[in-house]
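Here is a short report for a reader who is new to this structure. Please keep the sequence and the 3D view open while reading.

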Amino acid sequence: MTQNTTQKETHFYTIGISYKKADADMRGLFSLDAEHQERILSLSQQEGMEGLAILSTCNRTELYGFAQHPFQLIQKLCAHSKATLEDFEKVGYIYKNKEAINHLFNVGTGLDSQILGDFEVISQLKKSFSLAKKYNLINAFMDRLLNSVIQASKRIKNETELSSGATSVSFASVQYILQNVVDISQKNILLFGTGKIGRNTCENLIKHTQNEHITLINRTKEKAQEIAGRFNVLVKDFALLEEELTQTDVLVVATGSKTPTITKEMLPSDKEMLILDLSIPKNVATDVEELSKVRLIHMDYLSQMTDDTLERRKAFIPQAQQIIEEIKEEFDQWLQNRRFAPAIQALKQSLETLKEGEIDFQRKKTTDFNELQASIISDRIIQKITTKFINHLKESSTPEESLLFMKQVFEL
């Protein structure tokens, strides 16, 4: 875990801030855009750093890397963001060696996410490490660590239900529509309003329904057209709202009015329609439910769905942690073997020298000496001796003492 490629010993650190202690404004100060990330990586490469990767999302900004002291990483973060060292003292955290490894596993598997089980962060981590690779800042240790975190993330996703169910109202809306409307791709969907939840719902509808009959109406047409430019939807004038309602199968209301924007009188009385009201306060009048063919679902119900999902997810935390422990054990084993590798290689070289000397002696002394046979037997003995030492080092409670003894005996 510690590295000695520089003059002084370095350690693996994670430093950063997250939603746990820093509010949105504070997180904004620490945020690093792509340009600033590349600047830090470029300067770090010039300084000869062993390894460094940067993750900056809306919920966290973190640096993972090797340093003699964590302040070296904290300084980089504060020098290239709008935050100060005093800000970091208030909301920042530092993890070293094993704690830093544990933290990266928890981040990459969604256990440390604001929404438990959020798997979006693993793709963000991959991008971060990929960018760092461009600057030769991902050493063997960090490369292996990320691959282990990716492996844990995949297993947790496949073997547990930590990421199952809807965790945002916009996604819960689309899940509800998919589960309750037959042939959704053929239905006429009308999105009324361009609030944040409405925009997210629009994006999720396009992504998950393959529907090409989505219409968007907003009081301010320019806002609607701005969204339509990003998504493949049709924009209609606000004046045509009631006309559109006569053809609508699914209505999503995301307006920000203080009074209802959809009333019973505006709706056809003989048409089946699902209405999702994603507004606070409610923007669909309650008497709409008097229409027998209309089903009205409010955001409160969808929010309850997301709350229930998060509660269910908590039950899978122990299972996820067990998977992480298994993969971490494999990583630790690799790390240990890597630590012993130089000494074992030196031992093997020493035994090879003894072998060559003995074979040379026997060749001169013994008539009809079978050099090939002797070499094969010697190689097998060398392999058995080195394997014995490797196993001893793995099982030893004091491997450093064993290594020192081995070096003294064989003059390594």
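## A buried serine in a loop

Ser113 sits in the loop that links helix H5 (98-108) and helix H6 (120-134). This is a predicted model. Is Ser113 buried or exposed? Ser113 counts as buried, at 11% relative accessibility. Neighbours within four places in sequence aside, Ser113 is in contact with Tyr19, Arg60, Val107, Asp118 and Val121. Lys20 and Ser113 are 93 residues apart in sequence. In space, their C-alpha atoms are 9.4 Å apart.

## The sheet

Next comes the sheet. Six strands form an open sheet. Their order is S7-S6-S5-S8-S9-S10, and the pairing is parallel. Which strands stand at the edges? Strand S7 (234-236) and strand S10 (294-298) do. Each has a single partner strand, so one side of each is left without a neighbour in the sheet. On average, neighbouring strands of this sheet are turned by 20° against each other, direction ignored.

Strands of a sheet pair through backbone hydrogen bonds, either parallel or antiparallel. Here, strand S5 (residues 189-192) runs parallel to strand S6 (residues 214-217), and four bridges join them. S5 also pairs with S8 in the parallel sense, over four bridges. S8 in turn runs parallel to S9, again with four bridges. The table gives one bridge for each of these pairings.

| Strand pair | Bridges in the pair | One bridge |
|---|---|---|
| S5 and S6 | Four, parallel | Leu191 with Leu216 of S6 |
| S5 and S8 | Four, parallel | Leu190 with Leu251 of S8 |
| S8 and S9 | Four, parallel | Val253 with Asp277 of S9 |

In a regular strand the side chains alternate between the two faces of the sheet. Strand S8 can be read this way. Val250 and Val252 point one way from S8. Leu251 and Val253 point the other way. All four are buried.

## Helices on the sheet

Which strands does helix H8 touch? Helix H8 (residues 169-180) packs on the sheet and touches strand S8 (250-253), strand S9 (273-277) and S10. The direction of H8 makes about 165° with that of S9.

Ile177 belongs to helix H8. Ile177 counts as buried, at 0% relative accessibility. Neighbours within four places in sequence aside, Ile177 is in contact with Ile184, Leu205, Val250, Val252, Leu274 and Leu276. Val250 and Val252 are the S8 residues that point one way from the strand. Ile177 and Ile206 are 29 residues apart in sequence, and their C-alpha atoms are 12 Å apart in space.

A further helix lies on S6 and S7. Helix H10 (residues 221-230) lies across these two strands. H10 runs at about 175° to S7.

## Helices against helices

Now to helix H15 and its partners. The axes of helix H14 (residues 371-395) and helix H15 (residues 399-409) come within 8 Å. They cross at roughly 150°. That makes H14 roughly antiparallel to H15, as the angle is over 145 degrees. The crossing of H14 past H15 is right-handed. On the H14 side, Phe389, His392 and Leu393 make the contact. They meet Pro399, Ser402, Leu403 and Met406 of H15. The residues of this contact divide into five nonpolar, two polar and no charged.

H15 also packs with H13, at an angle of about 20°. The axes of H13 and H15 are 11 Å apart. The two helices are therefore roughly parallel to each other. H13 passes H15 in a left-handed crossing. Which residues make the contact? From H13 come Arg339, Phe340, Ala343, Ile344 and Leu347. From H15 come Pro399, Glu400, Leu403, Met406 and Lys407. The residues of this contact divide into seven nonpolar, no polar and three charged.

## A buried lysine

Helix H13 (residues 317-365) also holds Lys355. Is Lys355 buried or exposed? Lys355 has a relative accessible area of 10%, so Lys355 is buried. Residues up to four places away in sequence are not counted in what follows. Lys355 touches Ser375, Ser378, Asp379 and Ile382.

Definitions and conventions:
Residues are numbered from 1 along each chain as its sequence is written. This is a predicted model: local features need pLDDT of at least 70, side-chain atom pairs count only at pLDDT 80 or more; totals for chains, interfaces and linings use all residues. Side-chain values use heavy atoms; hydrogens and water are left out. Two strands pair if DSSP finds at least two bridges between them. Axes are lines fitted to C-alpha atoms, for helices over the stretch in contact, and angles run from 0 to 180 degrees between N-to-C directions. Contact means heavy atoms within 4.5 Å. Angles under 35 degrees count as roughly parallel, over 145 as roughly antiparallel, 65 to 115 as roughly perpendicular and the rest as oblique. A crossing is left-handed if the near helix is turned anticlockwise from the far one by less than a right angle, and right-handed if clockwise. Ala, Val, Leu, Ile, Met, Phe, Trp, Tyr, Cys and Pro count as nonpolar, Asp, Glu, Lys and Arg as charged, and the others, Gly among them, as polar. Buried means under 20% relative accessible area, exposed over 50%, partly exposed in between (1.4 Å probe, protein chains only).
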